[in-house]
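Here are my comments on the model you sent, set out as numbered points. Please read them with the coordinates open beside you.

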Amino acid sequence: MKTREITVGLVGNPNCGKTTIFNALTGARQKVANWSGVTVEKREGRLKHAGAAIRVIDLPGIYSLTSYSMEEIITRDFIIDDRPDVIVNVVDAGNLERNLYLTTQLINIGARSVIALNMFDEAANKGLVIDSERLGTLLGMPVVKTVGTRSIGITELLDRIVQVAQGADETARHIHIPFGDDVEAEIRAIQQKMREDETIGKRYSTRWLSVRLLERDTDAVKKLKAYPGHETIMEQVAKSRAVLEKHFDDDIETIISDRRYGFIAGAVRESVKKTAPRRVDVSDKIDRVITNRYLGFPILFLFLWALFHLTFALGEYPMNLIESGVHPVGLAVERLMP
Ligand SMILES: Nc1nc2c(ncn2[C@@H]2O[C@H](COP(=O)(O)OP(=O)(O)OP(=O)(O)O)[C@@H](O)[C@H]2O)c(=O)[nH]1
Ligand SMILES: [Mg+2]
C-alpha cells in the first residue's frame, strides 16, 4: 500500500531557527520560490523517513497568528487553508514564555503539532533545565529537544512527525486552553449559534472561530461572512464582548491574552527549573565588575599595589638565600687573599 505524502509546515517566532531546522531536515533537496503574489520567500523540500514520504515547508517567522502583517497572513492561511498534516512549532528554548504564546494559538486551532525545542544548547548555558516530557504532556504535543546548527534531535523529530501524522503518538492529544468560566460561557454561547449551520463546524473548529471573533479578528469575520447565518452569530459576538468588557473593565483582547499567558506561566512553572548558569556567565560577571567605569581603576591600582608588595615579600627568600651563599664564598676568598 502506498501511503500519502505527509505535509509538514515549520512555524515559529522570528529567528528561532526554522530555516536551520529546515536545512537539517531536507539537506540539499529543496526548492526556493515566492509565496503567490508576494515577495516573501517560500522554501520547500522533500525527504523520506521510516518509510514515509515527507514534504516540508519553511514559513516566515511570526509572533502571533493574527492577521496584521504579511508574514502572519501567509502563515495562518497556510495552516487554515492548506491544512498541513503536522505543524512543527519551532520554539527557542531560551525564550520559552514568549515563544509559547504562538503555541497557545496553534492549540486553539487544533492543528496537530510537534514542538522542536530548539537552541537547546543556549538554554542549557543559561542554566535552564527543561522537562520536555512534562511540557509535552501539558501542551498535548510531543516536545523534542533540538540543536539545529548541529543537527541534534533531528531523527527523533522525524520519528515524532511520522507518529503524529499517523495518529500514533501517545503525547499528542487535543487540549483546550482554559480561558476561565466567564469567557468560556461566552465562547459556548457563540458556538451554539454557529452550530445552527452544520457546514461551519465541518470547515473550522467552532471554538477557534469563536475566540477569534471575540478577539475582533477581521479575517475571521471575513471567513464567517461566507455563511448565511453570519449576522445572528455576529450579534451574539457583540453581546458576549459587551458582557465581558463590562465585567472586567478591560478590552477583550487583553483579557484573552492574559489568560493565554496564565496558562503558559503554569506550564513553565511545572516543567522548567533554573539552575546556576554555566561558568561562562560567572566569568562574564567578573569581567563586568573589573571593567566597570568607576571600579575599574581602583581595582587596577589595588592589584598593582598588591603585586608590588608581593614582589618584595617573596623576593626576600631568594635574597636571603643568595646572601647566605655569597657570604661563605666571601670569607673563603678573604682567607685566601694575602
Ligand atoms: N546556538 C544555536 N544557534 C542556532 C540554533 N538553531 C539556529 N541557530 C542560529 O540562529 C540564527 C537564526 O536561525 P534561522 O534558522 O535563520 O532562524 P529562522 O527562524 O529561520 O529566522 P526567520 O526566518 O528570520 O524567522 C542563525 O544564526 C542560526 O545559526 C541552535 O539550535 N543553537
Ligand atoms: Mg527563516
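How many bridges join strand 1 to strand 4, and do these strands run parallel or antiparallel?

1. The model is a predicted one, and the points below should be read with that in mind. To take the opening question, strand 1, which spans residues 6-12, is joined to strand 4 by five bridges, and the two strands run parallel. A pair to look for when checking this on screen is Val-8, which stands opposite Val-56 of strand 4.

2. Strand 4 also pairs with strand 3, and here seven bridges join the two strands in an antiparallel arrangement. Within this pairing, Glu-44 is found opposite Ile-57 of strand 4. As to how strand 4 sits in the model, five of its seven residues are buried, so the rest of the structure largely encloses this strand.

3. The connection between strand 3 and strand 4 deserves a separate look, since these strands form a hairpin with two residues between them. Ala-50 belongs to the loop that runs between strand 3 (41-49) and strand 4 (52-58), and its phi is positive, at about 50 degrees, although this residue is not a glycine. Is Ala-50 buried or exposed? Its relative accessibility is 63%, and Ala-50 therefore counts as exposed, given that the cut-off for that class is over 50%.

4. A second non-glycine residue with a positive phi is Arg-216, for which the angle is about 60 degrees. Arg-216 is placed in the loop between helix 9 (206-214) and helix 10 (218-224). Its relative accessible area is 34%, and Arg-216 is accordingly described as partly exposed. I would list Ala-50 and Arg-216 together in any table of backbone angles.

5. Strand 6, residues 113-118, is mostly covered, with six of its six residues buried. Ser-113, Ile-115 and Leu-117 point one way from the strand, whereas Val-114, Ala-116 and Asn-118 point the other way, and the residues of both sets are buried. A reader who inspects either face of strand 6 will thus find buried residues there, because each of these residues falls under the 20% cut-off in relative accessible area.

6. Which strands pair with strand 6, and in which direction do they run? Strand 5, made up of residues 86-92, is joined to strand 6 by six bridges and runs parallel to it, with Ile-87 standing opposite Ser-113. Between these two strands the chain passes through helix 3 (residues 96-109), and the resulting β-α-β crossover is right-handed. Strand 8, residues 143-145, is likewise parallel to strand 6 and is joined to it by three bridges; in this pairing, Val-144 of strand 8 is the bridge partner of Ala-116.

7. Two residues of strand 5 can be related to parts of the chain that are distant in sequence. Val-91 lies in this strand and, at 1% relative accessibility, counts as buried; its C-alpha is 9.9 Å from that of Pro-14, although the two residues are 77 apart in sequence. Asp-92 is also found in strand 5 and is buried, with a relative accessible area of 11%. The C-alpha atoms of Asp-92 and Thr-146 are 9.8 Å apart, while 54 residues of sequence separate the two.

8. Which residues come nearest to ligand 1? Of the 15 residues around this ligand, those that come nearest are Gly-17, Lys-18, Thr-19, Thr-20 and Asp-121. By residue class, the shell divides into four nonpolar, eight polar and three charged residues.

9. Several polar contacts with ligand 1 can be examined individually. A polar backbone atom of Gly-17 lies 2.9 Å from an oxygen atom of the ligand, and a polar backbone atom of Gly-148 is 3.0 Å from an oxygen atom of the ligand. Glu-122 contributes through its side chain, a polar atom of which is 3.0 Å from a nitrogen atom of ligand 1. On its own, ligand 1 has 660 Å² of accessible area, of which the protein covers 68%. The elements that give two or more residues to the shell are helix 1 (18-26) and helix 4 (120-125), and helix 1 provides the largest share, namely three residues.

Definitions and conventions. Residues numbered from 1 in each chain as written. Chains lettered and ligands numbered in written order. Predicted model: local features only at pLDDT ≥ 70, side-chain atom pairs only at ≥ 80, totals over all residues. Heavy atoms only, no water. Near = heavy atom within 4 Å. Polar contact = N/O pair within 3.5 Å; in protein donor to acceptor, adjacent residues only side chain to side chain. Areas by Shrake-Rupley, 256 points an atom, 1.4 Å probe, with all protein chains shown as cover. Helix = DSSP H or I, 4+ residues; strand = E, 2+ residues; numbered from the N terminus. Nonpolar A, V, L, I, M, F, W, Y, C, P; charged D, E, K, R; others polar. Buried < 20%, exposed > 50% of the residue type's maximum accessible area, 1.4 Å probe, protein only. Pairing = 2+ DSSP bridges. Right-handed = clockwise from strand over helix to strand, strands pointing away.
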